[in-house]
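User: Hi! I'm new to this one, could you walk me through it?
Analyst: Happy to, let's have a look together.

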Amino acid sequence: MSRLRSDSLLLSLPADKPDFASEKKLMRSGVQFVAGIDEAGRGPLAGPVVAAAVILDPKKIPDGLDDSKRLTAKRREELFDIITKTALACSISSISAPAIDATNILKASLEAMRRATRGLTIIPHHALIDGRDVAPGLPCPATAMIKGDQRSVSIAAASILAKVTRDRMMSQTGKYYPLYGLESHAGYGTEIHRNAMEAHGPVVGLHRFSFSPLKERQA
């Protein structure tokens, strides 16, 4: 079915929403369990990278699943509870800032994805992964999908679990390091965060020393 197009500046096209089409295609080929995999926290200057893997129940797909970045914090929290209650299996894993520094953010992200997938109580027969790369060591074949969290509801569900989990972790960490405002920016390089690092210095075990501008400070 073709999408409606208009030359009117007042009529905007609806944003693409993820669906279950990729999963259905795999199921028609004989695949029973399809996992969606995504991560949160590649870009921050502090905290872990978190990955999630989700196998949705085809009969209980929650309404409103979308790329976590396109949802409000309140809606993400609501969907987190719905996903964990209705999915056939969910798993979440994280890689710490020191471990990220010991390798690099891409390898750490893929390792978090591998751990999350292997942590599922149901072994998936195929995985759909957000991005360009397939994590090595998965228990099943996988397909990388550019903007997968905007195309597949399984990946969207994983993006929500990863984002909410990481935000909760950073909010909790902010209670131990109140000078950095982690609960407000989740470790991203905001002006407030950069000013706090300049005034109080980075924290070993929390900040990513392989990231700029911390990397330049160590040189």
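User: How much of the protein is buried?
Analyst: Buried residues account for 45% of the 219 residues in the protein. Keep in mind that this is a predicted model.

User: And what secondary structure does the protein have?
Analyst: The protein has 8 helices and 5 strands. Along the sequence they follow the pattern α-β-β-α-β-α-α-β-β-α-α-α-α.

User: How does the radius of gyration fit with a compact globule?
Analyst: It agrees, because a compact globule with 219 residues would be near 17 Å and the protein has 19 Å. The C-alpha trace spans about 55 × 50 × 30 Å along its principal axes.

User: Switching topic, how many disulfides are there?
Analyst: The count is 0 disulfides.

User: Why is there no bond for Cys90?
Analyst: The closest cysteine sulfur is in Cys140, and at 15 Å from the sulfur of Cys90 that is too far for a bond. A disulfide needs the two sulfur atoms within 2.5 Å.

User: Are those cysteines buried or exposed?
Analyst: Cys140 counts as buried because its relative accessibility is 11%. Cys90, at 28%, counts as partly exposed.

User: Now helix H7, which residues are buried there?
Analyst: H7 covers residues 191-200, and His193, Ala196 and Met197 are buried in it. Seen down the axis, the buried residues of H7 fall within an arc of 100°, so they line one face of the helix.

User: What's on the face turned away from the buried side of H7?
Analyst: That face carries the exposed residues Glu191, Glu198 and Ala199.

User: And what follows H7?
Analyst: Gly201 does, with a positive phi near 85°.

Methods
Residues numbered from 1 in each chain as written. Predicted model: local features only at pLDDT ≥ 70, side-chain atom pairs only at ≥ 80, totals over all residues. Heavy atoms only, no water. Buried < 20%, exposed > 50% of the residue type's maximum accessible area, 1.4 Å probe, protein only. Helix = DSSP H or I, 4+ residues; strand = E, 2+ residues; numbered from the N terminus. Arc of directions from axis to C-beta. Rg over C-alpha atoms; globule rule 2.2 N^0.38 Å.
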